[in-house]
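Welcome! Please take a look at the sequence and the 3D structure below, and then let us walk through some of its features together.

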Amino acid sequence: MAVTVAAQTFGELLKYLRRKARLTQRELAQRVGYTEAHVCRLEKNERLPDVSTVAALFVPALELDDEPKQIELLLQLAGQAGSRRPADKVTVRRTGLRQIEIQHEIVEDLGALEDVPPTPPHWVARPDLIDRAAMLLRHERRLALVGMAGAGKTVLAAELARANSSLPVFWLTVTVGVSDGAAAITRALALFCLTQGRTQVRPILAEGAGASLPLDQQLNLLRAALNARPALLCVDDAHLIMNDPAGRALLESLVATTSATLLLTSRERLALSLPQLSVGGLDVPQARSVIVDYGHDPGLPWVEALIERTHGNPMLLRLALGQLGHETADSTRFVERLASQPQIAAFLMNGMLRRLSSGALWLLKLVALFRHPLDLFDPSLAELIAGAEPSLALGAAIQSLQEQTLIDDVRQAGLHPLLREHLLTQLATDPQRKRRLHRLAAEWEDQNTADVLETIYHAAHAGQYARAAETIKGQEEAVAARGQATAAAVLLSRVIRNLERGKRPDRSRRILRDLLTSRGILLVGSLQAREAEADFRRALELTADAPTRADLVARIANSIFERNAYDEALTLIAESRDALGPSETFLRARLAAAAAWAHYDLSQIDEAAGAGEQALALLASFGNVSWQSLHETRATAHSAMASISRARQDTVGAIRHARATIDSAERGGLRRLALSKRGFLGGLSYDRGDLDEADRLRNEALHSATELGDSYTVAYMNMYLTDHDRIRLAIDRGLERLDVVQRLMEQIGDGHGQADQQARRAALLLWRGDVEPALRLLEGPSIGGNADHSSRSHGYNLNRLAFAQLVADPGRWALAGATLDRAHALPGTSGDRNLRFNLATTRAALWLTAGDPTSAQVALDEEHEIEGFGLWGRLDRELVAALTVWAASGSATARPLFDSLLSRVAPYPLHDLRLASILSEPEYRPERMPQLLWRAPRS
């Protein structure tokens with residue numbers, strides 16, 4: 001509702017609003033903690049209002065929270081009133097002090113004496129701070145409480161004053177234009193002394209005498225009066241006195257020459273010889289108690305943000321809580337935009353920034369731009385500032401910010417969160433200054449820190465897109481190794497967006513190409529891997545240069561692999577290789593290393609080995625040159641050869657290439673690849689049955705990948721660890737891991753990875769006895785109905801489907817046989833001896849289920865075990881071979897074979913339990929074979 005009275009002064013508007021709220025002066029005084037006389041004099045414009053106090057106390061008391069226009073006008077008039085001097089004579093009588101009898105004389109209208117301020121509403125005790133201040137005051141008899149506006153200095157001083165009940169207390173709140181000069185202060189002190197019976201101060205109070213009596217004589221009179229009897233002198237907002245030489249001299253005299261106990265509060269460090277205790281915000285429990293006192297649930301989602309953003313400043317908390325409703329969504333938005341709320345903004349301006357010089361304010365805005373603490377004494381920063389702002393007196397500006405407690409540690413300068421936001425909001429309205437400051441910040445970050453993100457952040461805001469591109473180029477893996485890949489990608493997105501909005505984006509093709517390439521590198525392996533491929537493709541469209549295109553194709557190939565489009569990748573690789581000149585040895589090696597991975601994932605093991613060996617041979621000509629791209633390419637080639645060697649059952653070669661991968665990756669700063677290959681070494685330990693070592697290596701890779709945000713490695717390490725869980729019969733834990741894998745695979749869009757996790761889930765469910773759910777997973781479109789046979793794991797998944805079909809219905813063994821035929825017919829099966837070995841084991845189990853041990857033996861004989869096969873496949877083979885002998889020749893003949901397995905399977909709960917259940921069978925029954933092999937024995 002708009003104000004309908006033509007109010008010209010603060011007092012007129014206050015009177016109107018009080019009546020509108022149906023309040024008497026006494027009722028309003030009680031609500032804000034003032035005396036009725038004080039409110040009366042405010043309405044008569046005989047007392048100057050403080051804008052911060054009006055915002056914090058009067059606005060809620062007058063119920064104006066929903067009337068922003070009235071709030072704005074009230075604060076505006078308060079500010080205008082505070083900027084002009086009052087009438088020549090302001091008569092303020094202390095409650096109950098209308099006349100003073102001294103030696104039978106009546107002195108009337110002597111002046112103003114203030115009461116100690118009452119405890120405000122929603123006050124919270126701060127016992128530790130009170131105890132520390134009381135101790136200092138008791139031992140030193142001088143103390144200044146120093147802190148930013150709203151920190152609660154006045155409340156603490158009032159509590160200390162009330163605690164000193166044995167001493168008479170003088171309280172003076174210094175007010176600009178009223179009591180910030182030496183004359184006003186000496187008169188107030190003289191009146192206080194007179195109330196204590198010290199008549200020697202009467203000359204100071206005599207009409208006209210105070211103005212003619214020299215200040216040193218007035219000080220002598222006050223010193224004699226104050227030294228005659230102990231007293232506590234409290235001066236609130238003492239910093240307002242320090243700009244007046246006479247007022248400063250008065251404070252210095254009180255500190256140095258009187259026996260009175262002196263307690264000051266100040267928003268600035270005081271140039272006085274006395275202890276100065278910093279008063280900060282409330283701690284978290286104290287802030288929570290204030291929130292509860294305002295009727296809010298401390299468990300609401302916005303509470304922590306409010307405490308953090310206000311730093312527990314009591315005034316800021318009260319200002320915010322006075323306006324917060326009980327709707328969570330509205331309150332959350334309010335807290336997010338706290339710095340821009342009118343009352344908060346007014347408090348920040350009037351409480352913190354009003355007294356700053358232009359130079360100090362410029363420096364404060366520079367500090368606000370930095371997202372980390374800044375060393376203001378750094379010589380290189382000083383040099384940059386001198387070049388950007390030659391007229392700035394840096395030392396004086398720093399001293400001013402320290403004195404006004406806006407910065408505590410000059411070596412680690414940072415700002416209150418809301419003050420920083422307020423300053424950034426101001427800068428948003430001055431884009432040219434903002435860009436200049438960001439340019440300075442970008443230059444300093446570039447020269448003095450290794451923080452690539454901060455340089456890019458400032459360069460982006462300064463419009464220095466080329467600097468951003470050069471800063472990140474070649475640093476992508478180092479950034480990813482610090483777990484900052486996603487944050488850096490977000491920054492580059494902003495730079496790319498701003499660059500494309502420019503007037504001449506055609507002139508920035510190279511910069512745009514470099515930015516897209518860097519962003520793609522950062523996103524590879526993350527949940528935004530599809531965006532990485534899109535970035536690489538856009539970068540590819542921006543260049544016709546064959547070497548640059550070859551480099552991009554080598555990078556884009558990795559992204560294409562992650563969605564399993566290997567044939568597409570091989571086509572791109574071939575086209576790029578054919579366009580290269582004969583001298584482009586390094587790029588040919590990069591393309592060969594990428595091709596090795598494509599052939600490997602297509603189970604074209606011989607072709608993969610040829611490409612990997614070609615890449616390493618080409619790279620050998622470069623010797624030990626320290627070059628990041630060379631290390632990266634060597635790591636990629638060795639990584640492919642490690643997996644190829646494992647597929648060939650060459651464990652020694654796999655370990656050698658894996659270690660070479662880790663060495664090259666670490667030299668090139670490729671932490672993601674290095675940790676992935678440590679997980680691979682865990683896989684080799686798993687192959688030989690060392691579960692503890694496999695656990696250690698794979699879990700290390702998992703934890704590191706989680707820190708880096710490498711979603712692919714997180715997904716696959718979790719999936720591989722479910723194999724450990726199955727062997728240890730930790731079925732529920734394995735299923736929980738697969739829930740994580742499923743979510744990640746869906747987000748990444750890895751169809752083959754999703755199929756692999758479903759196959760492992762089915763194996764766990766099958767062992768637990770959930771046969772139908774397991775069969776539904778395996779017969780679903782990802783495995784049983786999958787027309788895409790390019791994945792190396794597809795044959796292994798079909799093998800799982802076959803034994804699930806046997807468990808579900810042993811009589812339909814022919815159906816399982818058809819599934820095994822499909823697996824044998826896959827293009828990659830002929831080159832994968834380990835897969836053929838496992839399929840033969842399952843086919844032998846199928847013939848045993850059909851009651852044909854002779855055919856089972858034939859199946860076993862077709863695929864012999866060779867050196868290097870993993871332990872788990874060998875144990876399954878030996879168990880099926882023993883069952884075949886039992887079926888053909890009886891239990892007595894088979895018993896030695898079972899006995900030889902007993903000690904070998906003892907460390908592995910699943911295999912141990914399975915063998916025990918087989919040995920407990922009273923006789924050989926063909927239909928029991930699938931149950932004994934792939935399902936837990938029933939209790």
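Our tour begins in helix α43 (residues 833-849), where R843 is found. Is this arginine buried or exposed? R843 is buried, with a relative accessible area of 16%; the cut-off for that word is under 20%. Leaving aside residues within four places in sequence, R843 is in contact with G817, L820, D821, H824 and A859. Please keep in mind that this is a predicted model.

**A second stop, in helix α42**

Helix α42 spans residues 813-825 and holds A816. With a relative accessibility of 0%, A816 counts as buried. Not counting residues up to four places away in sequence, A816 touches A802, Q805, L806 and L846. How far is A816 from L219? The two C-alpha atoms are separated by 108 Å, and the two positions lie 597 residues apart in the chain numbering.

**The nonpolar cores**

In soluble globular proteins, nonpolar side chains tend to be buried together. The largest nonpolar core here has 106 residues. Which of its members have the most contacts inside it? They are L145, L306, L363, L364 and L376. Another core lies apart from this one; it has 77 residues, among them A816, L871, L932 and L933. A816 of helix α42 is thus a name to remember from the previous stop.

L145 offers a good view of the largest core. Its contacts, not counting residues up to four places away in sequence, include A133, K153, L156, A157 and L160. L145 also touches L263, L264, T265, S266, L277 and V279.

**Two helix pairs**

Next come two places where helices pass each other. Helix α13 (residues 284-293) and helix α14 (residues 303-310) have axes that come within 11 Å and cross at roughly 120°. The two are therefore oblique to each other, and their crossing is right-handed. From α13, the residues V284, A287, R288 and I291 make the contact, and from α14 the partners are V303, E304, L306 and I307. L306 is also one of the residues with the most contacts inside the largest nonpolar core.

The second pair is α19 (residues 379-388) and α22 (residues 431-448), whose axes come within 10 Å and cross at roughly 155°. That angle makes α19 roughly antiparallel to α22. Here too the crossing is right-handed. On the α19 side, S380, L381, L384, I385 and A388 take part, meeting L440, E443, W444, Q447 and N448 of α22.

**An enclosed helix**

Helix α22 also appears in the surroundings of helix α23. How many of the 11 residues of α23 (residues 452-462) are buried? The count is 10, so α23 is largely enclosed by the rest of the structure. The buried residues are V452, L453, E454, T455, I456, Y457, H458, A459, A460 and A462. They pack against α18 (358-369), α22, α24 (465-472), α25 (476-481) and α26 (485-500).

**Buried residues in loops**

Loops have buried residues as well, and three of them are set side by side here.

| Residue | Loop between | Relative accessible area |
|---|---|---|
| D237 | β5 (232-236) and α12 (245-257) | 15% |
| S603 | α31 (585-601) and α32 (605-620) | 8% |
| Q404 | α20 (394-403) and α21 (417-428) | 12% |

D237 has a phi near 60°, a positive value in a residue other than glycine. The phi of S603 is likewise near 60°, and S603 is not a glycine either.

For Q404, we can look at its surroundings. Leaving aside neighbours within four places in sequence, Q404 is in contact with R267, E268, M352, R355 and L356. Q404 and D852 are 448 residues apart in sequence, and their C-alpha atoms are 93 Å apart in space.

**Cysteines without a bond**

A disulfide is a covalent bond between the sulfur atoms of two cysteines. How many disulfides does a search of the whole structure find? The search finds zero. Why does C234 form no such bond? The closest cysteine sulfur, in C193, is 14 Å from the sulfur of C234, which is too far for a bond; a disulfide needs the two sulfurs within 2.5 Å. C234 is itself buried, with a relative accessible area of 1%.

Terms used. Residues are numbered from 1 along each chain as its sequence is written. This is a predicted model: local features need pLDDT of at least 70, side-chain atom pairs count only at pLDDT 80 or more; totals for chains, interfaces and linings use all residues. Side-chain values use heavy atoms; hydrogens and water are left out. Buried means under 20% relative accessible area, exposed over 50%, partly exposed in between (1.4 Å probe, protein chains only). A nonpolar core is a set of buried Ala, Val, Leu, Ile, Met, Phe, Trp, Tyr and Cys residues joined through side-chain atoms within 4.5 Å. Contact means heavy atoms within 4.5 Å. Axes are lines fitted to C-alpha atoms, for helices over the stretch in contact, and angles run from 0 to 180 degrees between N-to-C directions. Helices (H or I, at least four residues) and strands (E, at least two) are DSSP runs, numbered from the N terminus. Angles under 35 degrees count as roughly parallel, over 145 as roughly antiparallel, 65 to 115 as roughly perpendicular and the rest as oblique. A crossing is left-handed if the near helix is turned anticlockwise from the far one by less than a right angle, and right-handed if clockwise.
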